[in-house]
Amino acid sequence: MARRRTVHVRRVYEDPAQSDGVRVLVDRVWPRGMTKDKAHLDEWCKQVAPSTELRKWYSHDPERFTEFSRRYRTELKDPEHADALAHLRDLAGDRPLTLLTATKHPEISEAEVLAEMLRS
């Protein structure tokens, strides 16, 4: 039986936690007002982020989250997205992984969709 990966979702503006493990920003756009030093990132994996078109359509509208998740999972099958997702899966293989996002509601973000996929 495969071990369930430990994947956290957090806002990039929060202070790092000891349990974070590898910290990866998964937004396409750099967070407003955040410096690289303050972010405490190990990586910025913008290749896994939703397309600009999908991101603008979604606009973090909670009523669109289910449809956003479906469309985003479809986008993740494209080669560039799939390679980036595989990279995240490798990072989460034997240590905790924390997916970071700038959104005010990480529970309805691309980071949450990714986390669900990586945990399974």
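Which helix lies across β1 and β4? Hold that thought while we set the scene. What you see above is a predicted model.

The helix is α5, residues 110–119. Its direction makes an angle of about 170° with β1.

Now the sheet itself. Four strands build it, and it is open. Read across, the order is β1, β4, β2, β3. The pairing is parallel. At the edges sit β1, residues 7–11, and β3, residues 43–44. Each of these edge strands pairs on one side only. A reminder for anyone new to this: strands of a sheet pair through backbone hydrogen bonds, either parallel or antiparallel.

Let's zoom in on one pair. Strand β2 covers residues 22–25, and β4 covers residues 97–101. Four bridges link them, in the parallel sense. Find R23 and look across to β4: the residue opposite is T98.

Next, a loop. M34 lies between β2 and α1, the helix at 36–39. Is M34 buried or exposed? M34 is buried, because its relative accessible area is 10%, and buried means under 20%. Leaving aside residues up to four places away in sequence, M34 touches V12, Y13 and A39. Compare M34 with A102. They are 68 residues apart in sequence, yet 9.4 Å apart in space, C-alpha to C-alpha.

A102 brings us to the largest pocket. A102 is one of the residues nearest the pocket's centre, along with D27, V29, R55 and H60. In total, 17 residues line this pocket. Nine are nonpolar, three are polar and five are charged. The volume of the largest pocket is about 400 Å³.

Technical notes: Residues are numbered from 1 along each chain as its sequence is written. This is a predicted model: local features need pLDDT of at least 70, side-chain atom pairs count only at pLDDT 80 or more; totals for chains, interfaces and linings use all residues. Side-chain values use heavy atoms; hydrogens and water are left out. On a 1 Å grid over the protein atoms alone, a cavity is a set of points where a 1.4 Å probe fits but cannot get out, and a pocket is an open set with protein on both sides within 12 Å along at least five of seven lines; lining residues have an atom within 4 Å of a point. Grid points are joined across faces, edges and corners, and a volume is the space filled by probe spheres set on the points. Ala, Val, Leu, Ile, Met, Phe, Trp, Tyr, Cys and Pro count as nonpolar, Asp, Glu, Lys and Arg as charged, and the others, Gly among them, as polar. Two strands pair if DSSP finds at least two bridges between them. Helices (H or I, at least four residues) and strands (E, at least two) are DSSP runs, numbered from the N terminus. Contact means heavy atoms within 4.5 Å. Axes are lines fitted to C-alpha atoms, for helices over the stretch in contact, and angles run from 0 to 180 degrees between N-to-C directions. Buried means under 20% relative accessible area, exposed over 50%, partly exposed in between (1.4 Å probe, protein chains only).
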